[in-house]
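Colleague: Hi, could you walk me through this model? I'd like to get a feel for the helices and how they pack.

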Amino acid sequence: MRFLDKIFKSPPKKKQAACSICKSIMNQNDGFALSTAQVVSSRKYWDRKMVEPETLSYTTAHFKNQDQRATMMRKIIFEKTAGKEIVWMTCESCIDHFEVCQDETKQLAAQWWQNDTGFVLPNKGKAEDNMSSEDFEEIKSYATMEAGSSFVRR
Ligand SMILES: [Zn+2]
């Protein structure tokens with residue numbers, strides 16, 4: 001019987017999750033669910049991302065030394081992020097980086113907490129597939145060339 005119980009028992013619901021942006025722990029039903037396109041579209045996100053400890057050296061070299069390898073690394077960071085096919089769960093403070101409908105993304109988060117594998121975002125997938133090519137190229141250029149400049153420049 002134990003064996004059968006294991007087979008038929010539904011998998012446990014998610015109780016906690018880390019914010020995809022700042023890694024702080026969120027409790028069940030907290031947060032907002034965003035698509036990669038919604039995350040990538042935000043200039044504020046890139047201003048923050050490009051001055052994180054892992055990226056700051058590239059950003060400094062890009063602005064202060066016009067180091068082309070550093071600029072290329074920033075472009076690669078953008079492309080890797082834009083290519084992620086994930087649900088971004090963001091906390092109450094990180095949601096302010098994004099120009100999205102908070103009610104809608106909150107409702108999507110509630111669905112995400114309820115489903116273990118069945119949850120599908122309306123605009124899931126790579127950023128490029130859910131944005132106009134003009135918008136995509138514009139934010140790519142911003143992330144590569146401009147993001148984080150106010151932090152680095154005196
Ligand atoms: Zn956060």
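Modeller: Happy to; we can take the overall layout, then a few helices, then one cysteine. Keep in mind that this is a predicted model.

Colleague: Sounds good. How many helices and strands does the protein chain have?

Modeller: There are eight helices and four strands. Going along the sequence, the order is α-β-β-β-α-α-α-α-β-α-α-α.

Colleague: And what share of the residues in the protein chain is buried?

Modeller: Buried residues are 30% of the 154 in the protein chain. As for contacts with a separation of 6 or more, 77% of them are between residues 24 or more positions apart.

Colleague: OK, on to helix 4. Which of its residues are buried?

Modeller: Tyr 58, Thr 59 and His 62 are the buried residues of helix 4, which runs over residues 56–65. Looking down the helix 4 axis, they fall within an arc of 100°, so they line one face of the helix.

Colleague: Remind me, why would residues a few places apart end up pointing the same way?

Modeller: An α-helix has 3.6 residues a turn, so residues three or four places apart point the same way.

Colleague: Right. What's exposed on the other side of helix 4?

Modeller: Ser 57, Lys 64 and Asn 65 are exposed there. The cover over the buried residues of helix 4 includes helix 5 and helix 8 (149–152). Just past the end of helix 4, Gln 66 has a positive phi of about 50°.

Colleague: You mentioned helix 5. At what angle do helix 4 and helix 5 pack?

Modeller: The angle is about 130°, and their axes are 8 Å apart. That makes helix 4 oblique to helix 5. The crossing of the two is left-handed. On the helix 4 side, the contact is made by Tyr 58, Thr 59, Ala 61 and His 62, and helix 5 contributes Ala 70, Thr 71, Met 73 and Arg 74.

Colleague: And how is helix 5 placed against helix 7: what are the angle and the distance between axes?

Modeller: Those two pack at an angle of about 140°, with axes 8 Å apart. Oblique is the word for helix 5 against helix 7 as well, because roughly antiparallel is kept for angles over 145 degrees. The crossing of helix 5 and helix 7 is right-handed.

Colleague: Which residues meet there?

Modeller: Thr 71, Arg 74, Lys 75 and Phe 78 from helix 5 meet Lys 140, Ala 143 and Thr 144 from helix 7. Thr 71 and Arg 74 are also among the helix 5 residues in the contact with helix 4.

Colleague: Nice. How far does helix 7 reach, end to end?

Modeller: Helix 7 has 14 residues, 133–146, and reaches 19 Å from its first C-alpha to its last, close to the 20 Å expected. Its buried residues are Ile 139, Ala 143 and Thr 144. Seen down the axis of helix 7, these fall within an arc of 130°, so they line one face. Glu 134 and Glu 137 are exposed on the other side. Helix 2 (36–40), helix 3 (43–49) and helix 5 (68–82) are included in what covers the buried residues.

Colleague: Last topic: Cys 94. Where does it lie?

Modeller: Cys 94 is in the loop between strand 4 (88–90) and helix 6 (102–114).

Colleague: Buried or exposed?

Modeller: Cys 94 counts as buried because it has 23 C-beta neighbours inside 10 Å. Setting aside neighbours within four places in sequence, Cys 94 is in contact with Cys 19, Ile 21 and Cys 22.

Notes. Residues are numbered from 1 along each chain as its sequence is written. This is a predicted model: local features need pLDDT of at least 70, side-chain atom pairs count only at pLDDT 80 or more; totals for chains, interfaces and linings use all residues. The expected span of a helix is 1.5 Å times one less than its number of residues. A residue is buried if 20 or more other C-beta atoms lie within 10 Å of its own, exposed if 12 or fewer, and partly exposed in between; C-beta atoms are placed from the backbone. The arc is that of the directions from the helix axis to the C-beta atoms. Two residues are in contact if their C-beta atoms, placed from the backbone, lie within 7 Å. Axes are lines fitted to C-alpha atoms, for helices over the stretch in contact, and angles run from 0 to 180 degrees between N-to-C directions. Angles under 35 degrees count as roughly parallel, over 145 as roughly antiparallel, 65 to 115 as roughly perpendicular and the rest as oblique. A crossing is left-handed if the near helix is turned anticlockwise from the far one by less than a right angle, and right-handed if clockwise.
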